[in-house]
Amino acid sequence: MFDLARLCLVSLVLALAAPAAAQVREDDLSEFSEKLEIGISTDEISITSDFRGADLTIFGAIDGFDEKLLAQGKYSIIVTLEGPKENATVRRKERVFGIWVNTRSMTFELVPESYSLSSTRDIETIAQPGELGNMGIGVDHMRLVPLGFVGDGSNLGEFRNAFRRIRETSGVFQRDPGGVRFISSSLFRASVRLPANVPNGVHVVRAYLFRDGLFVAAKALPLTVVKTGLEQAITRAAHDQPLIYGLFAVLLAVITGWGASLLFRKE
């Protein structure tokens, strides 16, 4: 009987303690008073035939900051510009009978077509790799999830590294440690690069605030990249009227070839 009473008492104490524990967790999550506000120099980028890339300027402010922590340099900012997402395939070439052919491939699901990052310093010194990986911040921590069957996964790392290397070599993935600078006590300015081959569509500007290695807040804004003039007309025709576009391309090639034959025909 005594054991039964003690069991009931313990259960009652645990039941009363559970809401208190939940409250503590909620308090832990809301312990940061800082908030992040950002603005961008433009919300639309027009792409013309002579577009050679552009720099996008982001301004931001930390609200509710701790003056002592700010003076100690405990606050760090990471700003990213992420392009539209689509599946991306990486192929491995091997020499077969003296000819280089694609022998293996791997497709990653919904990865950004472009990605630019600026930060107050190297992001590896701002937060732990595990935290960066959980949030998908940075080229090295970007989520690369293979699509479909990948066997035993032994070559997954190889294809992920190849994907990052190819994107960085082509210039669509960029990083700039030191590209974010504080211009006053709590105001900062960041610059991210749009490459010349920036994809069309809606991009997302994201800013992350860290305090002494801990994530505090984030803010996001959309950026629209559109092609204008002849480029837009060609792109729209290729997507909206693929059959007509294809026939016109073939006809143009035939006319060009025929004209060249007449021009260079020997007398």
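L110 is partly exposed, because its relative accessibility of 47% falls between the 20% and 50% limits. The model is predicted. L110 belongs to strand β6. Its backbone is unusual in one respect, given the general rule. Most residues other than glycine have a negative phi. L110 is not a glycine, and its phi is positive, near 50°.

Strand β6 pairs with β5, which covers residues 85-96. The two strands run antiparallel and share 11 bridges. One of these contacts places A88 opposite F108, its bridge partner in β6. β5 and β6 make a hairpin with 2 residues between them. F97 sits in that turn, and the phi of F97 is also positive, about 50°.

A second hairpin is formed by β11 and β12, again with 2 residues between the strands. The pairing is antiparallel, with 11 bridges. V205 has L221 as its bridge partner in β12. D212 lies in the loop between β11 and β12. D212 is not a glycine, yet its phi is positive at about 55°. D212 has a relative accessible area of 55%, over the 50% limit, and therefore counts as exposed.

Both β11 and β12 are part of an open sheet of 6 strands. The strand order is β2-β12-β11-β4-β7-β8, and the pairing is mixed. At the edges stand β2 (44-47) and β8 (173-177), each paired on one side only. From one strand to the next, the twist averages 15°. Strands of a sheet pair through backbone hydrogen bonds, either parallel or antiparallel.

Each edge of this sheet has a parallel pairing. β2 joins β12 in the parallel sense over 4 bridges. There, I47 stands opposite K227 in β12. At the other edge, β7 (residues 115-119) runs parallel to β8, with 5 bridges between them. S118 has D176 as its bridge partner in β8.

The chain continues from β8 into a loop that leads to β9 (180-182), and G178 lies in this loop. The C-alpha atoms of G178 and T120 are 4.7 Å apart, although 58 residues separate them along the chain. G178 has a relative accessibility of 22% and so counts as partly exposed.

Aromatic contacts were examined next. A pair of aromatic rings is described by the distance of the centres and the angle of the planes. The structure holds 5 aromatic pairs. In one of them, the ring centres of Y115 and F173 are 6.1 Å apart. Their planes meet at 65°, over the 60-degree cut-off, so the pair is edge-to-face. The contact links distant parts of the chain: Y115 is in strand β7, F173 is in strand β8, and these positions lie 58 residues apart. Y115 is buried, with a relative accessible area of 2%. F173 is likewise buried, at 2% relative accessibility. Both values are under the 20% limit, which means that the two residues count as buried.

F210 and F215 form another edge-to-face pair. Their centres are 5.8 Å apart, and the angle between the planes is 65°. The two partners fall into separate burial classes. F210 has 0% relative accessibility and counts as buried. F215 has a relative accessible area of 28% and is partly exposed. A cluster is found as well: F108, Y115, F163 and F173 form one aromatic group. F108, one of its members, is also the bridge partner of A88.

The final feature is a pocket. Rolling a probe the size of a water molecule over the atoms shows where empty space is left. The largest pocket has a volume of about 210 Å³. Its lining comprises 13 residues. E82, K85, G136, M142 and R143 lie nearest the pocket centre. Three elements give two or more residues to the lining: β4 (75-82), β6 (99-112) and β11 (201-211). β6 gives the most, with 3 residues. By class, the lining divides into 7 nonpolar, 2 polar and 4 charged residues. Strand β6 thus recurs in this account: it holds L110, pairs with β5, and contributes to the lining of the largest pocket.

Note on methods: Residues numbered from 1 in each chain as written. Predicted model: local features only at pLDDT ≥ 70, side-chain atom pairs only at ≥ 80, totals over all residues. Heavy atoms only, no water. Pairing = 2+ DSSP bridges. Axes fitted to C-alpha atoms, helices over the stretch in contact; angles between N-to-C directions. 1 Å grid on protein atoms, 1.4 Å probe; cavity = no way out; pocket = protein on both sides within 12 Å on 5 of 7 lines; lining within 4 Å. Points joined across faces, edges and corners; volume = space filled by probe spheres on them. Nonpolar A, V, L, I, M, F, W, Y, C, P; charged D, E, K, R; others polar. Phe/Tyr/Trp six-rings, centres within 6.5 Å; stacked < 30°, edge-to-face > 60°. Buried < 20%, exposed > 50% of the residue type's maximum accessible area, 1.4 Å probe, protein only.
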